[in-house]
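Student: I would like to go through this model with you step by step, beginning with its sheets and ending with a single loop residue. Could you show me the sequence and the structure?

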Amino acid sequence: MSEHHHEHCHDDCCAHEHHGSDCGCGHNHENINKKEFIFKIAAGGAFFAAGYIISECTKLPEFVYLICYLISYLIVGFEVVREAVEGVIKGNIFNENFLMSIASIGAFAIREYSEGCAVMLLYTIGEFLQGLAVARSRKSIKDMLELKPSQVTVVRNNQEIVLNPEEVKAGEVIIARPGDRIDLDGEIIEGSAQIDMKALTGESIPLSKGVGDKILAGCVNTDGALKIRAIKEYKDSTVAKILDLLEDTQEKKSHTEKFITRFAKIYTPIVCLAALCIVLIPPLFFNQSWSEWIYRGLSALVVSCPCALVISIPLGFFGGIGACSKEGILVKGGNYLEVLAKVDTGVFDKTGTITSGKFEYVKCECFNCRCHDNQHRELLKIIAACERYSNHPLAKSICLAFGQYADECVIEDAKNYAGMGVSAVVDGKKYFVGNEKMMKEAGVAFTETQAIGTAVYCCSESEFLGDIVFADIIKEDSRRAIAAMRDAGITKTVMLTGDKAPIARDIAAKAGIHTVYSRLMPEEKVEKVKELKRNGSTVLYTGDGINDAPVLAAADLGIAMGAAGSDIAIEASDMVIMGDSLSKIPLGRKIAQKTVRIVRENIAFSLIVKILIIIGCAAGVFDENAMWLAVFGDVGVCLIAIANSLRTMIIKKQPPVL
């Protein structure tokens, strides 16, 4: 991703904060200039007060206080009327500016000057408060945009030079001093330090990192000097992907948002027609007073605007997404929050999801590899060389334990076989490394190990060489997280793995998962998820590997483990956990359920209040205060709904399930 692109993204964010964005009902509801607002309220309020005092406390001619009211109206309402006229010219008639302009001008026409001014004055105050609320809701997302890097120190030709992150190439060494933010994904090659990953994972406790540890862009080096080899260019880094996800988030509307957008287009003309009927029918057919029924109709017109719905509902989902981001959970759209709130079945990959993906070496069994010592260096060298370019967690453990044996090897034509293993030409000879299916694919007879653990077999094109066995380690919080999901309503839990049945059953029992399917190829995992969906379940799937990408896409909600997850899995998912803790899922579900509940509250509250006020205006119940009540029904209800939406950003963490 280019620097220009990120500058554009950052500028856009600032533009939203300071200048506003259209909510869909025809007016900008975000922050307006504070000095302009203060001037409007002070000057407009002064002339309004002068007009009111003159009209109520003196016997001066009407035109004197009318002039005061008109000046007040023009100060606070000129922009609204101008935007209303522009909306009519562009064909966007039924928007809030149009409704407010007609209602206030109509109030002047029937000589209700104070109420015509009051509509605009209160409306302007309401708009400013709405802008502050919306700006606040954006802050958590905007804070993530502050991850945008500035410059990095790179070692080139034995000299330290300062470059933009976009200029650093994969493989180059960068220096991170105490207090520096690390701007590219990399591997520590020298030094150790405490690393603050709060911006990515939401966890405030720093992690100890040393030589050989992977490190993600966006975290902060709190102490110690580090040399880090960049493993990706900036455009492929964690920070760049986060920024892309956040930019795309706003384009993926929830079903509720889409419904409200359609609803508003139908609702507004209908209530405008109802207001017109209130104005015309009683005077024309029942000989009622024109001024009285115009006043009632104008009041109904003011209250009719669906602004509270059109603003507060997207704002609610935006707040929920922001709350998730602060906890290290990236949600790619409001629609996925809705799905998370209603999922009832959790399906999980084993390696790297339920387990840590860190394997403990158990044993090595040598058959025809012709090793010359008891340490099986020849077999370990071949296996480590073949696994060098694999992203599988077991391959990473093998390379970490025995990678030094393969440092002098010439490795060519490395190839991955989904769900089976890898092959490569090592020092001019082709080898196959993987599970039992890989050995069958290679067409050699092999001896299956009896050791408990995950076996990696090795063969040449003509004979079986041997195997090494590793034992996967379950994550510390997996059992607690599964229990918390069950308490949160995800009642059915399933584990899918390509591993052996005894290993799969053992891990599932330790994690508290009741249903497990083993020996599955990637396409078989997809079919299991589709089968659950056909049986009426709403399914989330959590995985981290390249092989998980098809299953992530097939589930109702795909969740990738971002810290260790492959780029393909993260791309195919609907949510990304910036860490390796499953406990983020029940926390995200809690946020999602709260968000959906608040959105529904806003819909019910807004519609009920508006309908009651419109009926009251038509029935003459509020004759003396109809316009003032109508202003509350629009601006007041909108502010209450927005304040309610802001609650989505307040999350109380529960103590862990023991």
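Student: In strand 9, which residue is the bridge partner of I175?

Tutor: This is a predicted model, in which local features need pLDDT of at least 70, side-chain atom pairs count only at pLDDT 80 or more, and totals for chains, interfaces and linings use all residues. Residues are numbered from 1 along each chain as its sequence is written, and side-chain values use heavy atoms, with hydrogens and water left out. Strand 3 (residues 173-176) and strand 9 (residues 226-230) run antiparallel and are joined by 4 bridges, where strands are DSSP runs of E with at least two residues, numbered from the N terminus. Within strand 9, the bridge partner of I175 is K227.

Student: What is the strand order of the open sheet that 6 strands form?

Tutor: Two strands pair if DSSP finds at least two bridges between them, and the pairing in this sheet is antiparallel. Its edge strands, each pairing on one side only, are strand 2 (159-163) and strand 7 (214-215). The order is 2-1-3-9-4-7.

Student: Which residue in strand 22 stands opposite I329?

Tutor: An open sheet of 7 strands, with mixed pairing, has the order 10-22-21-20-11-18-19, and its edge strands are strand 10 (329-331) and strand 19 (515-517). Strand 10 and strand 22 (residues 575-577) run antiparallel and are joined by 3 bridges. Opposite I329, in strand 22, stands I577.

Student: Why does D556 count as partly exposed?

Tutor: D556 lies in the loop between helix 19 (549-554) and strand 21 (557-561), a helix being a DSSP run of H or I with at least four residues. Buried means under 20% relative accessible area, exposed over 50% and partly exposed in between, with a 1.4 Å probe and protein chains only. D556 counts as partly exposed because its relative accessibility is 28%.

Student: At what distance does the side chain of D556 reach the backbone nitrogen of V539?

Tutor: Leaving aside neighbours within four places in sequence, D556 is in contact (heavy atoms within 4.5 Å) with V339, K533, S537, T538, V539 and D574. For V539, the side chain of D556 reaches the backbone nitrogen at 2.8 Å.

Student: What percentage of the residues in the protein chain is buried?

Tutor: The protein chain has 22 helices and 22 strands, and its residues number 658. Of these residues, the buried ones make up 53%.

Terms used. A polar contact is a pair of N or O atoms within 3.5 Å; within protein, one must be able to donate a hydrogen and the other to accept it, and residues adjacent in sequence count only if both atoms are side-chain atoms.
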